[in-house]
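Thanks for coming. I will talk through one model today, starting with how far to trust it and then going to a group of helices. Please have a look at the structure before I begin.

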Amino acid sequence: MTELPKNVRPETDRHGKVRHRFRKAGFKSAMVPGPPGSAEMLRAVAEILETGRIEKKPIESPKRVTPHSLDDLFRRYRASGHWTKNSARYQHVGGRVIERFLDRVDKKGRRYGERPVERVTVGWLDNQLGAMSETPGAANDLRKKLKGLMNHAIRLEWRTSNPVELTAKFKDGAGHHTWTDDEIEQFRACHPLGTMARLTLELALNTAGRRATISKIERDHIKAGKITTQHAKGSVVATVPLLATTRAAIEALPAAPIRFLILTEFGKPFSAAGLGNKMRDWCDQAELPNCSLHGLRKSISRQIAESAGTDAEGMAVTGHKSPKVFATYRAAANREKLAERAMAKRESEFAEPSAPENCRTSTND
C-alpha cells in the first residue's frame, strides 16, 4: 500500500526533501512520519484523530476598561479636541507611543493601563523613564506624550496636578550626525548622477525634508524653478528654489518618473521607513556608517548658518516653527567660519573714517 492516508499531503522542505503533513479543518496540523501507507504513518494519523478537534476559543468581549484608570483616561483623551486637533500622523505615531506604555506589565503581571490615574506618582514615572536611559530620545518623547495625557486628567478634574512635570528629563544628546561637506562629496563620488541614491541626497539637501516628506515628492511639486513640499511635522509648507545639483540629478535619471521622483527598483514609491532603510544601505556602500537621511536635514541647517543665513531664513527652508529647535540643528556650523564672517562684518561697519581733506595732523601733537 503506497497511497497516502486521507488528509495527508506531501510537502517539499527547503532542502528538497519530501515530507508529509496532516491537515484537516478543526484538527492540529502536524508532520507525520514514515513512508506513504506505512503502519507508522497510519498510526500517527490515528493518534491525531484520537486526540480530537481543537477547541475553539470563545470570542472575547472587548477589554473592559476600569473607570478612572490610565486606559480610561487615554480613551477620553483620544476623543477630545485636544487630541483630534493634531495631524493624522501625530495621532497615529503618538497613539502608538502611549499604547505601548499602557501595555507594559509590572512584576505582578498587571498592565500599566489598569493603574488608577490617582496612583500615578512622580516616583513611579521616574522609575519607568529612568529604565529608558539607553534611549534618552525615546524617553523624552514618551515623557512629552504622558505630559499631555496627564494634563487631560486635570481637565477632567481627576487630578489637580501633573506628576510628569516633576520628572527628570534626559539631557538632549547630539542626535543624528550632521553630515560634513566632505561626507556629502564622498556620497556623491560613490553614487553618481543617474542613481536613485544620488537623487535622494540632492532632494534632501534641497528641501531639508524628513524621510516621510522626501519619499512623497512628486514631479508636480516643481514649478517655475521652485520646489514645494509639506513638512511632515507641523504641516508647514515650504517653497524653495530648485538647486542646479537637484535638477542635474533629476535629468540624469534613465527614465523620467511620471509622478513620484524617488522610486523603488519595482517602480513604486518608498514608504517613509523603507526610504530610511534604503538610505542606510546607500550610506554603508559609501562607507559612511555615521550618516543618515535625517542628518542631511541638519547639514543644510549648518550650511545656511555658515553662508550668513539668518535663523528666520533657515526656518523658512526646514519648516521649523521654533528658533530654539532650529538652533540645535545649526549647532554644528563651523564656529571659525562664523567668527571670521562676524569680524569681517564688524570691521566693515566700524572702520575708522578717513580724515577730512581740510584736517591736517600736526607733527607737534
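**Confidence, then three helices**

The mean pLDDT of the protein is 85, and 86% of its residues reach 70 or more. For anyone new to the term, pLDDT is the predictor's confidence in each residue, from 0 to 100. This is a predicted model, so to speak of local features we need pLDDT of at least 70, and side-chain atom pairs count only at pLDDT 80 or more, while totals for chains, interfaces and linings use all residues. Residues are numbered from 1 along each chain as its sequence is written, and side-chain values use heavy atoms, with hydrogens and water left out.

Which element has the highest mean pLDDT? That is α2, at 96, whereas helix α15 (residues 335–349) has the lowest, at 68. Helices here are DSSP runs of H or I with at least four residues, strands are runs of E with at least two, and both are numbered from the N terminus. Residues 58–62 stay under 50 in pLDDT, and the model has zero contacts for them beyond four places in sequence. A contact means heavy atoms within 4.5 Å. Residues 361–365 are also below 50, with zero contacts in the model beyond near neighbours in sequence.

Now the helices. Helix α2 covers residues 70–78 and helix α4 residues 88–102; their axes come within 11 Å and cross at roughly 170 degrees. Axes are lines fitted to C-alpha atoms, for helices over the stretch in contact, and angles run from 0 to 180 degrees between N-to-C directions. α2 and α4 are therefore roughly antiparallel to each other. As for the words, under 35 degrees is roughly parallel, over 145 roughly antiparallel, 65 to 115 roughly perpendicular, and the rest oblique. On the α2 side the contact is made by Leu 70, Asp 71, Phe 74 and Arg 78, and on the α4 side by Gln 91, Gly 95, Ile 98, Glu 99 and Leu 102. By class, these residues are four nonpolar, two polar and three charged. Nonpolar covers Ala, Val, Leu, Ile, Met, Phe, Trp, Tyr, Cys and Pro; charged covers Asp, Glu, Lys and Arg; the others, Gly among them, are polar.

The third helix is α6, residues 136–155, and its axis comes within 10 Å of that of α2, crossing at roughly 90 degrees. α2 and α6 are therefore roughly perpendicular to each other. Leu 70, Leu 73, Phe 74, Arg 76 and Tyr 77 of α2 meet α6 residues including Gly 148, Leu 149 and Met 150. This contact has seven nonpolar, two polar and two charged residues.

The axes of α4 and α6 come within 10 Å as well, crossing at roughly 95 degrees. That pair is therefore roughly perpendicular too. Tyr 90, Gly 94, Val 97, Ile 98 and Phe 101 in α4 meet Asp 141, Leu 142, Lys 145, Leu 146 and Leu 149 in α6.

Last, the empty space. On a 1 Å grid over the protein atoms alone, a cavity is a set of points where a 1.4 Å probe fits but cannot get out; a pocket is an open set with protein on both sides within 12 Å along at least five of seven lines; lining residues have an atom within 4 Å of a point. Points are joined across faces, edges and corners, and a volume is the space filled by probe spheres set on them.

How many cavities of 30 Å³ or more are there? The search of the whole structure finds one. The largest cavity holds about 40 Å³, and its lining includes Leu 70, Phe 101, Leu 146 and Met 150. By class, the lining has eight nonpolar residues, no polar and no charged.
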